[in-house]
Structure formats: structure tokens, C-alpha cells
Amino acid sequence: MDVSRYKSDTSHLTIFSYNTKVKTYANGDKNIEFHSYVNNKGFPKEKVKGGKQKDKEEIEKSREYQRFKNLYRTKQAIIELAYHNGIIEAWEYFVTLTFDDKKVNANNYDQVSENLAKWLNNMKHQNPNMRYILAPEPHPKSGRIHFHGIFANVPNWKLTEARNPHTGRLIKRNGLQIYNLANYKYGYTTVSKVTNLEAVSVYISKYITKELINLCYKKRYWCSKVLERPTMEYADFDEETLMFNIDKDKIKEKFEKTTMNSKSIYLKTTS
């Protein structure tokens with residue numbers, strides 16, 4: 001597909017209208033999102049008439065919607081980071097990290113975040129090329145927080161085969177051996193090898209749940225700084241031009257949504 005018409009988001013000062021977004025991953029695959037209506041990117045927000053009091057009222061009405069929207073964006077960011085960087089270099093391990101209350105208050109988000117950061121820094125010293133993405137999961141009833149994540153380039157990890165404490169038998173899930181991570185001292189761990197990039201990219205994002213919706217100004221996921229993001233480009237196409245520029249044989253998935261006033265098309269294409 002010819003991308004010469006796309007306008008790259010290189011500056012927050014860029015002002016333009018678009019109805020098509022294209023994400024390009026490291027292997028050349030694309031996610032294309034088309035809408036029959038036009039969006040504006042870079043335009044300053046219009047002031048709400050009626051002064052500050054009305055602004056507060058509008059903000060209050062939209063607050064819950066905005067929180068869910070931010071949560072959705074977080075999930076999408078994790079999926080994109082996991083998939084894009086897994087193409088560049090394969091993820092090795094899927095990890096669960098818990099916290100022992102004798103060492104860390106697992107109900108205190110600030111405490112677990114601080115201790116997680118210390119552990120990650122320690123691991124980066126031991127494994128300078130370490131790559132990771134971690135997402136928190138509060139228990140829906142107790143509120144206790146643990147983390148799920150994916151890692152790569154951790155040659156100095158000390159993994160031991162997990163065994164049932166009562167029978168001594170090896171613990172396996174879906175045919176995969178489960179390991180424990182001796183390098184982690186804050187609580188219990190489970191580690192398994194990553195075998196499917198697409199599945200693990202979506203799976204890790206599912207831990208971003210509504211229990212995290214009230215986390216304001218706090219991290220909702222952790223990732224290494226070296227990770228790259230897929231290229232995002234914008235364009236203004238009509239539907240016929242869009243479909244004309246796409247090689248039909250390379251369409252992997254296609255979904256259309258039509259309402260009384262608009263039409264949206266979502267496409268996944270291969271390189």
C-alpha cells in the first residue's frame with residue numbers, strides 16, 4: 001500500500017485532518033483503521049462557553065468515560081509494545097511476581113511499585129540487555145497486587161523447576177514446565193517459556209482491568225526504555241481510494257462497522 005499520502009505524527013504542533021490511521025509493525029504487517037468521518041489532530045481544544053464553572057461540570061460528566069478510555073489505551077499500548085518488539089527479538093519468558101506481606105504490603109500500590117522498581121534495576125545490572133513489559137493485577141476481592149510480564153535477554157536468571165510441595169511432582173501448565181525464579185526475593189514466582197507471540201501480547205494486556213481505573217498519576221505498566229513502538233501514520237482517504245491502494249491478497253483480517261451516520265473499517269494486512 002502506498003504510504004506517501006500519510007502524514008507522520010512527528011510533532012505535537014502538527015495540525016491536520018485525517019480519517020485513516022496506519023500502524024506498521026517490525027515485520028511490515030499493518031493495522032489500518034478507517035472512518036467515514038474526519039478527525040482533527042493537533043487542533044487546540046475549544047473553550048467551553050459559560051466559564052470555569054461549566055468546564056468543571058463537563059469534566060465531571062466525562063470523567064468516568066475518560067478513565068475507561070485511558071484504560072483501553074493502556075491495553076492497546078501493551079499489546080503493540082509486546083507484539084512489535086517480539087517481532088524484533090523474541091520474548092523468552094512469561095512471569096508472575098507476587099509479594100509476601102512479611103516483606104511488602106501487597107495492598108499498597110506505592111510500596112509494591114517501589115520494590116518492583118528496585119528489583120528491576122537490580123536485574124538490569126545483572127542482565128544489561130534485559131527487555132521486559134510488566135502489568136499489575138489487583139485481586140478483585142482482596143486488592144492484593146501482583147504482576148505479570150514478559151522478559152528477554154536474562155542470561156543470569158536462576159530458574160528452578162517448580163514442583164508440587166506435597167507430591168514432589170513437576171508442575172506443568174498446558175504441557176509447559178513451570179519454573180521458579182531464585183533471583184526474586186519479595187514473594188512467590190512462576191515462570192514459563194513464551195511459545196506464541198500474538199497470544200502472549202494479548203494475554204498480558206488482559207490484566208489491565210477496571211480495578212486499575214482509579215489509579216491517577218501512577219504507572220499502569222512498566223517496560224524497558226529500549227523497546228520500540230510501531231510506526232503510526234495518518235491519512236485522509238475516501239473508502240474507494242483506501243481499498244484501491246490495498247493489495248486484497250494481503251488482507252489477513254477485515255471488520256466493518258456501520259451506523260446510521262458513519263462507517264468504520266478495520267484491516268490487518270501482511271507485508
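**Reading exposure, pockets and backbone angles**

Author: Ser17 counts as partly exposed, with a relative accessibility of 29%. Please keep in mind, as we work from this residue outward, that the model is predicted.

Reader: Why does Ser17 count as partly exposed, rather than as buried or exposed?

Author: The general idea is a pair of cut-offs, with buried meaning under 20% relative accessible area, exposed meaning over 50%, and partly exposed covering what lies in between. Ser17 stands at 29%, so it falls into the middle class. The residue is part of strand β2, and its C-alpha lies 8.7 Å from that of Tyr234, although 217 residues separate the two in sequence.

Reader: Which residue shows a distance of that kind for strand β15, and is that residue buried or exposed?

Author: Thr269 is the residue to look at in strand β15, and its relative accessibility of 7% makes it buried. From C-alpha to C-alpha, Thr269 and Gly28 are 8.7 Å apart, while in sequence they are 241 residues apart. Beyond its neighbours within four places in sequence, Thr269 touches Asp29, Lys30 and Ile32, and also Ile246, Lys250, Ile251 and Lys252.

Reader: How should I read the fold as a whole, and what share of the contacts joins residues 24 or more positions apart?

Author: One begins with the elements and then asks how they are joined: the protein chain has four helices and 15 strands. Among contacts with a separation of 6 or more, 66% are between residues 24 or more positions apart. Of the 271 residues, 38% count as buried, and the chain exposes about 16800 Å², of which carbon and sulfur atoms supply 49%.

Reader: What is the volume of the largest pocket, and which residues are closest to its centre?

Author: A pocket is read first by its volume and then by its lining, and the largest one holds about 1400 Å³ of space. Its lining has 37 residues, and those closest to the centre are Lys23, Glu33, Tyr72, Gln76 and Glu80. Helix α1 (51-88) makes the greatest contribution, with nine residues. At least two residues each come from that helix and from β2 (16-24), β3 (30-41), α3 (197-205), β13 (231-235), β14 (251-258) and β15 (263-269). Sorted by class, the lining comprises 16 nonpolar, six polar and 15 charged residues.

Reader: Is Lys23 buried or exposed, and what is it in contact with?

Author: Lys23, in strand β2, is buried, because its relative accessible area is 17% and the cut-off for buried is under 20%. With neighbours within four places in sequence left aside, the contacts of Lys23 are Asp29, Lys30, Asn31, Glu80, Thr231 and Met232. Of these, Glu80 is also one of the residues closest to the centre of the largest pocket.

Reader: What does the second largest pocket look like when it is read in the same order?

Author: The second largest pocket contains about 460 Å³ of space and has 18 lining residues, with Phe94, Asn174, Leu176, Ser192 and Tyr203 nearest its centre. Strand β11 (189-193) gives the largest share of the lining, four residues, and β4 (93-97) and α3 are also among the elements that supply at least two. The lining divides into nine nonpolar, seven polar and two charged residues.

Reader: Which sign does the phi angle of Asn174 have, and how should I read it?

Author: Most residues other than glycine have a negative phi. Asn174 has a positive phi, near 50°, and sits in the loop between β8 (172-173) and β9 (176-177). With a relative accessible area of 82%, Asn174 is exposed. Asn153 also has a positive phi, of about 60°, although it is not a glycine; this residue is in the loop between β6 (145-152) and β7 (159-161).

Reader: Where is Asn183 placed, and with which side chain does its own side chain make a polar contact?

Author: For a loop residue, one can take position, burial and partners in turn. Asn183 lies in the loop between β10 (179-181) and β11, and it counts as buried because its relative accessibility is 12%. Its side chain makes a polar contact with the side chain of Gln126, at 3.5 Å. Apart from neighbours within four places in sequence, Asn183 is in contact with Trp119, Met123, Gln126, Asn156, Trp157 and Lys158.

Technical notes: Residues numbered from 1 in each chain as written. Predicted model: local features only at pLDDT ≥ 70, side-chain atom pairs only at ≥ 80, totals over all residues. Heavy atoms only, no water. Buried < 20%, exposed > 50% of the residue type's maximum accessible area, 1.4 Å probe, protein only. Contact = heavy atoms within 4.5 Å. Areas by Shrake-Rupley, 256 points an atom, 1.4 Å probe, with all protein chains shown as cover. 1 Å grid on protein atoms, 1.4 Å probe; cavity = no way out; pocket = protein on both sides within 12 Å on 5 of 7 lines; lining within 4 Å. Points joined across faces, edges and corners; volume = space filled by probe spheres on them. Nonpolar A, V, L, I, M, F, W, Y, C, P; charged D, E, K, R; others polar. Polar contact = N/O pair within 3.5 Å; in protein donor to acceptor, adjacent residues only side chain to side chain.
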